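Visitor: I have a structure on my screen and would like a guided walk through it. Could you take my questions one at a time?

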Amino acid sequence: MQKGKVTRGELEKLIEITKSNVRDDIIQSSGIGIDCAVIDFGDYGCVLSCDPITCAKENMGKLAVHINCNDIATTGGESVALLVMILCPEDVEFKTIEAIMRDMKEEADRLNVEIIGGHTEITSSVNSIILAVTAIGKINKKEIINNCDILEGFDIIVTKKLCIEGSYILVNDFKEKSRKILNESEMDLVNSYISGISVVRDGIIAKKNGACFMHDITEGGLLGALSEMSIASNMGFEIWEDVLPISKETKKLCEYFNIDPLRFISSGSMLIISKDGNKIKNALKKENIECSIIGKTKKGEQSIWIDGLKKIVEYKEKDEIYKLFKN
């Protein structure tokens with residue numbers, strides 16, 4: 001099998017295996033395009049999500065905290081706690097594990113989230129560190145976002161720049177190659193992208209201003225996230241290339257590494273669907289969060305306009321980042 005997430009068809013089979021519907025207190029099970037599961041805890045729902053860090057080597061702890069809390073934010077919920085599992089190869093040094101946990105603690109404190117447990121193990125079963133985190137959150141049951149509310153003609157919105165996480169990984173894990181095309185000030189700028197990796201505030205503001213669907217743009221990039229939205233809501237999309245927020249530094253990196261930025265891991269950017277995109281855009285702007293309306297929902301079609309020509313989007317299973325981790 002290839003590196004990365006299992007294929008959509010394989011994932012659908014695995015989800016089908018786990019379906020049971022034996023408990024009435026399960027409000028929502030996770031699935032394609034749905035980042036979190038929700039359990040009924042009285043007035044509140046307990047929101048749960050789990051994601052690993054497998055590609056990035058630098059600042060694994062920071063990335064792990066944010067990509068998991070970002071998932072909780074897609075429901076409009078509040079992250080409360082984290083469970084952490086670290087599997088390490090036998091040649092790991094304890095100071096490396098310490099550094100990961102210190103980074104996680106620092107980021108968790110910033111988000112008012114506690115690390116409450118987990119598991120740490122040295123094993124010959126892995127040849128590099130695997131860091132997996134489960135995020136636990138809460139939400140008022142009356143405020144859970146229902147993606148079935150998406151209708152044709154709704155605005156498609158993304159926050160900040162696309163490819164924040166992917167660009168950050170490139171300049172840290174492939175420094176020497178990146179320096180061939182970026183000067184030092186550009187390298188510093190892309191390194192600063194880590195400070196914008198959280199979409200927690202994005203989610204809170206969007207929820208208050210009419211978001212009917214939110215999805216953290218992670219593995220698979222923008223087109224992967226939109227495709228998953230289509231499955232979750234039974235609604236297609238039309239987007240416009242000329243308004244997509246991609247920095248010139250990211251464009252340089254993607255061209256050099258032969259990466260399609262629309263299929264490149266993009267934690268730090270939230271995909272939002274809303275009847276009134278301008279209301280959300282204005283609310284985010286007041287909080288100094290960049291936001292772009294990039295298209296509209298559309299029945300039965302997944303397309304992108306490039307130089308005045310419409311092109312049907314072809315779904316691809318793997319994120320572009322795995323081109324760099326073939327060995």
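Guide: Happily! Two strands count as paired when DSSP finds at least two bridges between them. Please keep in mind that this is a predicted model.

Visitor: With that in hand, what is the strand order of the open sheet of six strands?
Guide: The pairing in this sheet is mixed. Neighbouring strands are turned by 20 degrees against each other on average, direction ignored. Reading across the six strands, the order is β1-β2-β3-β6-β4-β5.

Visitor: Which strands stand at the edges of that sheet?
Guide: An edge strand has a single partner, so one side of it is left without a neighbour in the sheet. The two strands in that position are β1 (26-28) and β5 (114-122).

Visitor: Which residue in β3 is the bridge partner of Asp 40?
Guide: Strand β2 (residues 37-41) and strand β3 (residues 44-53) run antiparallel and are joined by five bridges. Within β3, the partner of Asp 40 is Gly 45.

Visitor: At about what angle does helix α3 run to β4?
Guide: Helix α3 covers residues 94-110 and lies across β4 (78-88), β5 and β6 (130-140). Angles over 145 degrees count as roughly antiparallel. Its angle to β4 is about 175 degrees.

Visitor: Where is Asn 112, and is it buried or exposed?
Guide: Asn 112 has a phi near 60 degrees, a positive value in a residue other than glycine. Most residues other than glycine have a negative phi. Asn 112 sits in the loop between α3 and β5. Its relative accessibility is 62%, and exposed means over 50%, so Asn 112 counts as exposed.

Visitor: What separation do the C-alpha atoms of Asp 149 and Asn 112 have?
Guide: Asp 149 is in the loop between β6 and β7 (155-159), and is partly exposed with a relative accessible area of 45%. Leaving aside neighbours within four places in sequence, Asp 149 contacts Phe 154 and Cys 212. Asp 149 and Asn 112 are 37 residues apart along the chain, and their C-alpha atoms are separated by 31 Å.

Visitor: Let's turn to helix packing. Are α4 and α6 parallel or oblique to each other?
Guide: Two packed helices are described by the angle between their axes and the distance between the axes. The axes of α4 (residues 164-173) and α6 (residues 184-191) come within 8 Å and cross at roughly 125 degrees. The contact is made by Ser 167, Tyr 168, Val 171 and Asn 172 of α4 with Met 187, Val 190 and Asn 191 of α6. At that angle, the two helices are therefore oblique.

Visitor: Is Glu 249 buried or exposed?
Guide: Glu 249 is found in helix α9 (residues 248-256). Beyond its neighbours within four places in sequence, Glu 249 contacts Leu 182, Glu 186, Leu 189, Val 190 and Tyr 193. Its relative accessible area is 7%, and the cut-off is under 20%, so Glu 249 is buried.

Visitor: How many of the five residues of strand β10 are buried?
Guide: In a regular strand the side chains alternate between the two faces of the sheet. Met 270, Ile 272 and Ser 274 are buried on one side of β10, and Leu 271 and Ile 273 on the other. Strand β10 (residues 270-274) is largely enclosed by the rest of the structure, because the number of its residues that are buried is five of the five.

Visitor: Which residue of β10 is the bridge partner of Phe 213?
Guide: β7 and β10 pair in the antiparallel sense over four bridges, with Asp 155 opposite Ser 274. Strand β8 (residues 211-216) also pairs with β10 in the antiparallel sense, over five bridges. The β10 partner of Phe 213 is Ile 273.

Visitor: Which helix gives the largest share of the largest nonpolar core?
Guide: In soluble globular proteins, nonpolar side chains tend to be buried together. This core has 89 residues, and those touching the most other members include Leu 226, Leu 271 and Ile 273. Leu 271, for one, has contacts beyond four places in sequence that include Ile 157, Phe 213 and Leu 226. The largest share, eight residues, comes from helix α2 (residues 60-73).

Key: Residues numbered from 1 in each chain as written. Predicted model: local features only at pLDDT ≥ 70, side-chain atom pairs only at ≥ 80, totals over all residues. Heavy atoms only, no water. Core = buried A, V, L, I, M, F, W, Y, C linked by side-chain atoms within 4.5 Å. Buried < 20%, exposed > 50% of the residue type's maximum accessible area, 1.4 Å probe, protein only. Contact = heavy atoms within 4.5 Å. Axes fitted to C-alpha atoms, helices over the stretch in contact; angles between N-to-C directions. Parallel < 35°, antiparallel > 145°, perpendicular 65-115°, else oblique.
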